[in-house]
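This report describes a protein from its atomic coordinates. Please keep the sequence and the structure in view while reading.

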Amino acid sequence: MKIKNLVLGCILAGALVCAGIALAQGPIVNVDPHRHSNLAEAQHHIQQAFAKLEEAQRANRNRLGGHAEKAEELLNAANREIKEAAEFADHRR
């Protein structure tokens, strides 16, 4: 029973580490600026905002009450929505 719990704990810890790494990565500009210049520019601004949040976290030694992390999650979500908007427009042509 102890070994089973240990293995399960290790698997869970590994999954949490992987999820943290995935969330810590900033948004990428993956919309073709030649097809969707405004959407690509919006993604670029999201990238800049994400970088500024990281600077703020470093400057405040990560003491922002979890709000900067939440803002980063929302920026990542907005970035995904922009990509989906571009894909939707591509399929409607």
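The text below covers the overall make-up, the helices α2 and α3, their contact, the loop between them and several individual residues.

**Basis of the description**

The model is predicted, and for this reason local features need pLDDT of at least 70 and side-chain atom pairs count only at pLDDT 80 or more, whereas totals for chains, interfaces and linings use all residues. Residues are numbered from 1 along each chain as its sequence is written, and side-chain values use heavy atoms, with hydrogens and water left out.

**Overall make-up**

The protein has 3 helices and 0 strands, arranged along the sequence in the pattern α-α-α. Helices (H or I, at least four residues) and strands (E, at least two) are DSSP runs, numbered from the N terminus. Of the 93 residues in the protein, 17% are buried. Here buried means under 20% relative accessible area, exposed means over 50%, and partly exposed lies in between (1.4 Å probe, protein chains only). A contact requires heavy atoms within 4.5 Å. Among contacts between residues at least 6 apart in sequence, 58% join residues at least 24 apart.

**Helices α2 and α3**

The table sets out the two helices, with the expected span taken as 1.5 Å times one less than the number of residues.

| Helix | Residues | Number of residues | Expected span | Distance between end C-alpha atoms |
|---|---|---|---|---|
| α2 | 37–59 | 23 residues | 33 Å | 33 Å |
| α3 | 67–91 | 25 residues | 36 Å | 36 Å |

For α2, the distance between the end C-alpha atoms agrees with the expected span. The same agreement is found for α3.

The buried residues of α2 are Ala40, Gln43, Ile46, Phe50, Leu53 and Gln57. In α3, Ala68, Glu72, Leu75, Asn76, Asn79, Ile82 and Ala86 are buried. An α-helix has 3.6 residues a turn, so residues three or four places apart point the same way.

**The contact of α2 with α3**

How do these two helices lie relative to each other? The angle between α2 and α3 is about 170°, and their axes are 10 Å apart. Axes are lines fitted to C-alpha atoms, for helices over the stretch in contact, and angles run from 0 to 180 degrees between N-to-C directions. The helices α2 and α3 are therefore roughly antiparallel, a term that applies to angles over 145 degrees, while those under 35 count as roughly parallel, 65 to 115 as roughly perpendicular and the rest as oblique. Their crossing is left-handed, which denotes that the near helix is turned anticlockwise from the far one by less than a right angle.

On the α2 side, the contact is formed by Leu39, Ala42, Gln43, Ile46, Ala49, Phe50, Leu53, Glu54 and Gln57; on the α3 side, by Ala68, Glu69, Ala71, Glu72, Leu75, Asn76, Ala78, Asn79, Ile82, Lys83, Ala85 and Ala86. The residues of this contact comprise 13 nonpolar, 4 polar and 4 charged. In this classification Ala, Val, Leu, Ile, Met, Phe, Trp, Tyr, Cys and Pro count as nonpolar, Asp, Glu, Lys and Arg as charged, and the others, Gly among them, as polar.

Gln57 belongs to helix α2 and is buried, with a relative accessible area of 9%. Apart from its neighbours within four places in sequence, Gln57 contacts Asn62, Leu64, Ala68, Glu69 and Glu72.

**The loop between α2 and α3**

Most residues other than glycine have a negative phi. Arg61, which follows α2, has a positive phi near 50°. Arg61 lies in the loop between α2 and α3 and is exposed, with a relative accessible area of 59%. Asn62, found in the loop between α2 and α3, has a positive phi near 55°. Asn62 is exposed, with a relative accessible area of 56%.

**Residues of α2 and α3 and their partners in space**

Gln47 lies in helix α2 and is partly exposed, at 30% relative accessibility. Its C-alpha atom is separated by 5.7 Å from that of Pro27, 20 residues apart along the chain. Leaving aside neighbours within four places in sequence, Gln47 contacts Pro27, Ile28 and Val29.

Glu41, also placed in helix α2, is partly exposed, with a relative accessible area of 44%. Glu41 and Val29 are 12 residues apart in sequence, and their C-alpha atoms are 8.4 Å apart.

In helix α3, Arg80 is partly exposed, with a relative accessible area of 49%. Arg80 and Asn30 are 50 residues apart in sequence and 9.5 Å apart in space, C-alpha to C-alpha.
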